[in-house]
Structure formats: structure tokens, C-alpha cells
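Thank you all for coming; I would like to take a few minutes on the structure that is about to appear on the screen. I will start with the ligand and then move on to the sheet.

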Amino acid sequence: MNPLVPSSPAPPTPESPAGPPVGIVGTGYVGLVTGLALAELGHPVICLDVDRAKVAALRAGQAPFHEPGVDALLARHRDHLRFTTDPAEVFGPCPVVFVTVDTPPGPSGDADLSRVEAVVAAIPTGAELVMAMKSTVPAGTGRRITRHLRATGRHGVRYVSNPEFLREGSAVPDVLHPERVVLGADDAVAADAVAALWAPLGAPVVRCDVASAEMVKLAANAFLATKISFVNEIANVCDAVGADVATVARGMGLDSRIGAAFLNPGIGYGGSCFPKDVAALKQLAGNSGYHFQLLSAVIEVNELQKRRIVVHLADRLGQLQGARIALLGLAFKPGTDDLREASSLVLAARLAAEGATLVVHDPVVGDHALGLLPPGTAKVARAADALAGADAAIVVTEWPEYLDLVRPEVAASMARPLLVDGRNLIDPEAAASAGFEWVGVGRPDCFPAQIDLEAPAAVPVAGS
Ligand code: UGA
């Protein structure tokens, strides 16, 4: 019998968890949702974090971020989840410890592994545990950590790479219904211990060596980012030749070799993962002497895509100096309040640099966002208030509630009813019939019949 696989006379249930506790180090998206999923599978869970305020909030049942389903699971498993800042509560009682700390990009483009290193340093000599790495790390990291653990006498620590594929906004269902579980280990006993935890989910398991598991994660994210940059370039060509990218993407996506997912063009990918992981893979290849040309283009296309809309807008309005622009959505995608690498921040900075005045709205992002936006930016609680008096509005994040703005009275409240749909969220014809001048990404513009296209383009700002 595998001594590391939690055993119990009766299968554990969420109501009566059984077996030894599972440890989680780092309570960000990946850590907290992994912990909640394990609680849902019937395990007691102990979560460690260095951030005292976060631990205090979690003990009080408050999630540190907006993520659908997290609050409900926190409440449901209150009695079986422990939050602590004391490493001894995890490195001792927990036979399996998931490492889920962040690995942000360092100044050179390499992943900054200092938080992972701090976790390794906190494991005491004599510890007997499986360290299951969920943080995204460069290929080769697991091998280095294993060597370091041996060199420092911690022979009882076994290493498994178990990358995570959850998406923000759908993190809970993604973790509870994974399309695959990847387990990279040089030690079958350790891999079995982690496999046993995820076995009830019934996902296909990819067992491999540690470096290959690390590469699966980086390659998957880089491929998805490549798909987005590819469809963004197709959209730009569609703009140039008068084709409709929505139809093109549908026609492409029905080919099962291509697939329909991640073929939505827009104003670039953001978030805490794609920008960082694409840069990290490019850097990892470069460090090994290989120039990953394709990824350089993927990154460049993404950067240009964020700025392209500013040019569109300047063409329409004649000038941006003094124009009042509404930004609809700040989060890097719907379903989250995460602003990391959000296209909204680049767009806002560029528009302000051109002299525009900004009014922003987001249904979940808090007022702390104002600290990241240009001085003078106004943030409003109702989306319709952002549009009132604006010379143009840009859909930056495809929050479904923005579909409710497609009403004649909202269009009429704008100084000019120009709606630049940076995510192709809104049906162009519905927008035009409500009185908007609709401009999308890679789709033909759609204007209401009554718009006089010969009218002077530059729009003076009310009150200026
Ligand atoms: C991404 C991956 O999808 C997850 O599988 C992975 O686990 C995660 O990174 C990670 O490494 O932790 P996430 O960043 O949460 O997840 O969000 P996505 O839904 O992948 O979206 C990323 C960005 O791409 C967003 O800015 C989104 O607007 C953009 N996107 C996505 C597009 O522009 N077009 C698309 O068709 C899809």
C-alpha cells in the first residue's frame, strides 16, 4: 500500500471529511480554488499564506478576490478548511502539500521564483511529504528543486509537477471538471499520492517526467495565446479587405482540427498568465540558445492590438484631444476583478496621452482601479452614466450586462453615439437600430441610417 495515499475506512464526503489534511501554500486563485475543490472532495484542508490580512479575511469567510462559486464553497466548507500563517501547521501533518504561490515575471522576462524558493526553504529537515507544484515554473525547476532538497538533507520530500489549467472567472468548475490531470514525477509513489486525490474527478491522467509536465503548462498557454494573436491578425486583414471575422472564425472553428475556442478577436489578451507565460517560455528557450521566433510575433501582435483601437477612434473622431471617452470594463476578462495586464490599463494610458478625458465603469472592479488609471479619470457605478455625454464608448471587457446598454435612450444620451466594440460583444444590427454607430474588430461597421457621415468629425467636449 502506498503510505502517502490518504486512506480511510469509508470514502470521504464534503460533509464528513476523512484522512489526513491536504496542505496548500499560497491562497491566490489557484491555491484557494484547489483547496476548496479538495474540501469538496471530502478532505480536510490547511491553507498557508504569508499575508496575515488575507488569512484573517479568509478565516472570516471572505475571499480575497471576485470569483464565482468561491464564496459559496468557503461557507460550505468552513469547518474543514483551516487558514494559517504558520508553516508548521502544514509541513508536518499534511502528507501532500500543493505549492500554489505566484511566479510573476522578473525584470529579464524569466519567471521570478523567489516565492517558490521561500516555500522550499520553509520545509523542515525530516519532513516526509509530497510537494505537488501547481505554480507555473520554467521547465527544469522541479529537477533543480529536487537536487536542492537532497543537497540540504531533506530526503523525505518527493516532488511532483501537477500544473493547473483553471481560468479566472470559471475557476471552480474548471478545477472540479478538469479535461486532464498532468502528473510529472520521477517517483511513482509520489505521483500515486497526488493521482489518488484527483481520481474521483475521473479526468484522463497524463503521467510523465517532471520537465515534460512543466512544458505542458507553458506550451498550452503559449498555444492559446498564439491562437488569439492569430485570430487578431486575421481580424485586422478582414478589416482591410471588408470581410467579417465572425464568419471567418466560425468557418474555421467548425474544422475539428482547429476548434472554435479562443478564436474571438479583440483588443488583446491580458491577465496574470498568458503575458507572463508566453514571455517566460520565450525567455526559457532563449536561455537554452533557441530563438522562439513565433512567440516574439505573438507578443508583438498582442501589444499592437491594444493600441490599434486608439487609431480607429482618432480616425472616427478626427482628434482625441478633449474628447470624452467611456471605457466599459476594466477587468482583463469578464467574471473577475483582476486587473493584471488588463488591456484597459494600456488603452486608458494611450487615450489620456492623446488628450482624451476618461469615464470608466466595471461591474466588479473596485475604486482602487483609479490608482492605476490616468489622473482625472472618473469611475461611475452605472454603465449608462459612463455613456451620458460621451463622444465615444469602448467595450473593453465583454461583461454580459453591457448588452443592456443597447437602447435608443442610451445612444441618445451620448454626445456622439459611437460604440467601439473591442470584444465584438454586441450585435451590430441591434446596436445600429438603437441608434449607435457600431465599430467592431474585424467586422464591417454598422451605422443607423439617419447618421450623417459627412458631418464634421471632431467633437467638442461638453463644458470644455
Ligand atoms: C489562462 C488559461 O486559459 C488557463 O487554462 C490557465 O490555467 C491560466 O491562464 C493560467 O495559466 O493560470 P486565464 O488567464 O484565467 O486562463 O483566462 P483566459 O480565459 O484564458 O483569457 C486570457 C485572455 O485572453 C483574456 O484577456 C481574454 O480576454 C483573452 N481571450 C481569450 C481573447 O482575447 N480571445 C479569446 O478567444 C479567448
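By a polar contact I mean a pair of N or O atoms within 3.5 Å, where within protein one must be able to donate a hydrogen and the other to accept it, and residues adjacent in sequence count only if both atoms are side-chain atoms. Please keep in mind that this is a predicted model, in which local features need pLDDT of at least 70 and side-chain atom pairs count only at pLDDT 80 or more, while totals for chains, interfaces and linings use all residues. Residues are numbered from 1 along each chain as its sequence is written, and side-chain values use heavy atoms, with hydrogens and water left out.

With that in place, an N or O atom in the side chain of Lys333 is 2.8 Å from an oxygen atom of the ligand, and the backbone contributes as well, with an N or O atom of Phe165 at 2.8 Å from a ligand oxygen and one of Gly270 at 2.9 Å from a ligand oxygen. On its own the ligand has 710 Å² of accessible area (Shrake-Rupley method, 1.4 Å probe),, and the protein covers 92% of it.

Turning to the sheet, it is open and has 8 strands (E runs in DSSP of at least two residues, paired if DSSP finds at least two bridges between them), in the order β3-β2-β1-β4-β5-β6-β7-β8 and with mixed pairing. Its edge strands are β3 (81-84) and β8 (205-208). Within the sheet, β4 (residues 96-99) and β5 (residues 129-133) pair in the parallel sense over 4 bridges, and Phe98 has Ala132 in β5 as its bridge partner.
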